[in-house]
Amino acid sequence: HSLGITPEMIWAKARSEGQSWLVYHKGLNGGTNPWSKYVTLDGNGAEANWAAWVEAPTSTQFSIISNWSANNQNYIAMLFASVDGISKVGYYSGDGTSNGSKAITVGFQPRFVIIKSSSYTGGEWQVLDTTRGIDNGLQLNSSNAQSSDDFIDLTSTGFTMKSSHNDVNGSSQEYIYYAHA
């Protein structure tokens, strides 16, 4: 790959046959051996086991090593990494508060945030951005229209949680996210 740094999140999908989008994220499995877990971009399930579908990526390559990869198939992959002041790939544990006391620090004020519960079955891929208004949520894995979800407030260094909803801050739930300036 030509990302220039080690990917921390990878979205991969077969282009030549029907398969789900598979997502690797450095925060899966609590950040310990995340390569053995995945979530689907087109689903709302919690993280699931997969016997090492991706080798740990390097700053120059990644490899799909499971039987998911097949000869004569075409695949697409989208790679994401943290870049100081521009983007952050991270994870956190929810605390169930809705008063803004749960703060996520990314090092900049994000304009675009994707949050997914990796532990809650039924958790949607929440997309929040400043162009549409940070309180207007879209779900990557749903055909629903945008909704008025007051999930987060932005700060100069990240965001705070304004909701205890299981999609973003349920008590004892685990979450992965991507934030972009």
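In what order do the elements of the chain run from the N terminus on? In this predicted model, the succession is β-β-β-β-β-β-β-β-β-β-β-β-β-β, and the secondary structure accordingly comes to 0 helices and 14 strands.

With regard to overall dimensions, the radius of gyration of the chain is 16 Å, which agrees with the value near 16 Å that a compact globule of 181 residues would have. Taken along the principal axes, the box filled by the C-alpha atoms is roughly 50 × 30 × 30 Å. The accessible surface of the chain comes to about 8,300 Å², and carbon and sulfur atoms account for 44% of that area. Of the 181 residues, 44% are buried, where burial denotes a relative accessible area under 20%. When contacts are restricted to residues at least 6 apart in sequence, 57% of them join residues at least 24 apart. The chain carries 10 positive and 15 negative charges, and the mean positions of these two sets are 4 Å apart.

Among the strands, 6 form an open sheet with antiparallel pairing, in the order S6-S14-S8-S9-S10-S11. The edges of this sheet are strand S6 (87–93) and strand S11 (147–148), each of which pairs on one side only. In general, strands of a sheet pair through backbone hydrogen bonds, in either a parallel or an antiparallel manner.

Within this arrangement, strand S8 (residues 112–117) is largely enclosed by the rest of the structure, because 5 of its 6 residues are buried. Strand S8 is joined by 6 bridges to strand S14 (residues 174–180), the two running antiparallel, and by 4 bridges to strand S9 (residues 126–129), again in an antiparallel manner. The register of both pairings can be followed from Ile114, which stands opposite Tyr178 in S14 and opposite Val127 in S9.

The pairing continues from strand S9 to strand S10 (residues 136–139), to which S9 is joined by 2 bridges, with the two strands running antiparallel. Here Val127, the residue that stands opposite Ile114, also stands opposite Leu138 in S10. Tyr178 and Ile114, Ile114 and Val127, and Val127 and Leu138 are thus linked as successive opposed pairs when the sheet is read in the order S14-S8-S9-S10.

How values were computed:
Residues numbered from 1 in each chain as written. Predicted model: local features only at pLDDT ≥ 70, side-chain atom pairs only at ≥ 80, totals over all residues. Heavy atoms only, no water. Buried < 20%, exposed > 50% of the residue type's maximum accessible area, 1.4 Å probe, protein only. Pairing = 2+ DSSP bridges. Rg over C-alpha atoms; globule rule 2.2 N^0.38 Å. Contact = heavy atoms within 4.5 Å. Areas by Shrake-Rupley, 256 points an atom, 1.4 Å probe, with all protein chains shown as cover. Lys, Arg positive; Asp, Glu negative; His and termini not counted. Charge placed at Lys NZ, Arg CZ, Asp CG, Glu CD.
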